[in-house]
Amino acid sequence: MAYWLFKSEPETWSWDDQVKKGKRGQEWDGVRNYTARNNMRAMKKGDQGFFYHSGGERQIVGIVEVVKEAHPDSTDDTGKFDCVDIAAVKPLATPVTLADVKADKALAEMALVKLSRLSVQPVTESEWKRVRKMGGV
């Protein structure tokens, strides 16, 4: 299993919106970055990820699961971009802020710190375990 982080501005698509989609999930559409697209192409059904509120909140708020592997993004007329479908698994008991991540030396190499603008990014197993612990999961 691989681990990921999905960023969204809560005004556009929030954790609550994701939860409302239930087990069927929602297409993670609208991503127009080739690295993020390639990350989604590498995902397998059952992979898990963190759901991150960007913008003013800047915090990891929940855990999601890939429920459908990469397929053409329905919002892309060019045919160049793919997406996956993700479903909410559970919220973090305590959201983990970007400041929390940056303050933890064990997370200094995390893509969230190093590649802050990338909207879909990989998470290592050790980072996954550390952030889950920080979030009370």
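This tour moves from the whole chain of a predicted model to two of its residues and then to its largest pocket.

**The whole chain**

Begin with the entire protein chain selected and coloured by secondary structure. Five helices and six strands make up the secondary structure of the protein chain. Followed from the N terminus, the elements appear in the order β-α-β-α-β-β-β-α-α-β-α. The radius of gyration of the protein chain is 14 Å, close to the 14 Å that the globule rule gives for 137 residues, so the chain is as compact as a globular protein of that length. Aligned to its principal axes, the C-alpha trace spans about 40 × 30 × 30 Å.

Switch next to a surface representation. The accessible surface of the protein chain amounts to about 7300 Å², and carbon and sulfur atoms account for 48% of it. Of the 137 residues, 47% count as buried. For contacts between residues at least 6 apart in sequence, 69% join residues at least 24 apart.

**Helix 1 and Gln18**

Select residues 15-20, which form helix 1, and within this helix pick Gln18. Is Gln18 buried or exposed? Gln18 has a relative accessible area of 0% and is therefore buried, since the cut-off for that class is under 20%.

Now display what surrounds this side chain. Leaving aside neighbours within four places in sequence, Gln18 is in contact with Trp13, Gly25, Gln26, Trp28, Phe51, Val64, Ile86, Ala87 and Ala88.

**Strand 2 and Gln26**

From that list, move to Gln26, which lies in strand 2. Which residues does Gln26 contact, apart from its neighbours within four places in sequence? They are Trp13, Gln18, Lys21, Val84, Asp85 and Ile86. Trp13 and Ile86 thus appear in the contact lists of both Gln18 and Gln26.

Draw a C-alpha to C-alpha distance from Gln26 to Val84: the two residues are 58 apart in sequence and 8.3 Å apart in space.

**The largest pocket**

Finish with the largest pocket, which holds about 460 Å³ of space. To centre the view, select Lys7, Ser8, Glu9, Ser54 and Ser119, the closest to the pocket centre of the 20 residues that line it. Then add strand 1 (3-8) and strand 2 (26-27), each of which supplies at least two residues of the lining. Colouring the lining by residue class should show six nonpolar, eight polar and six charged residues.

How values were computed. Residues numbered from 1 in each chain as written. Predicted model: local features only at pLDDT ≥ 70, side-chain atom pairs only at ≥ 80, totals over all residues. Heavy atoms only, no water. 1 Å grid on protein atoms, 1.4 Å probe; cavity = no way out; pocket = protein on both sides within 12 Å on 5 of 7 lines; lining within 4 Å. Points joined across faces, edges and corners; volume = space filled by probe spheres on them. Helix = DSSP H or I, 4+ residues; strand = E, 2+ residues; numbered from the N terminus. Nonpolar A, V, L, I, M, F, W, Y, C, P; charged D, E, K, R; others polar. Rg over C-alpha atoms; globule rule 2.2 N^0.38 Å. Buried < 20%, exposed > 50% of the residue type's maximum accessible area, 1.4 Å probe, protein only. Contact = heavy atoms within 4.5 Å. Areas by Shrake-Rupley, 256 points an atom, 1.4 Å probe, with all protein chains shown as cover.
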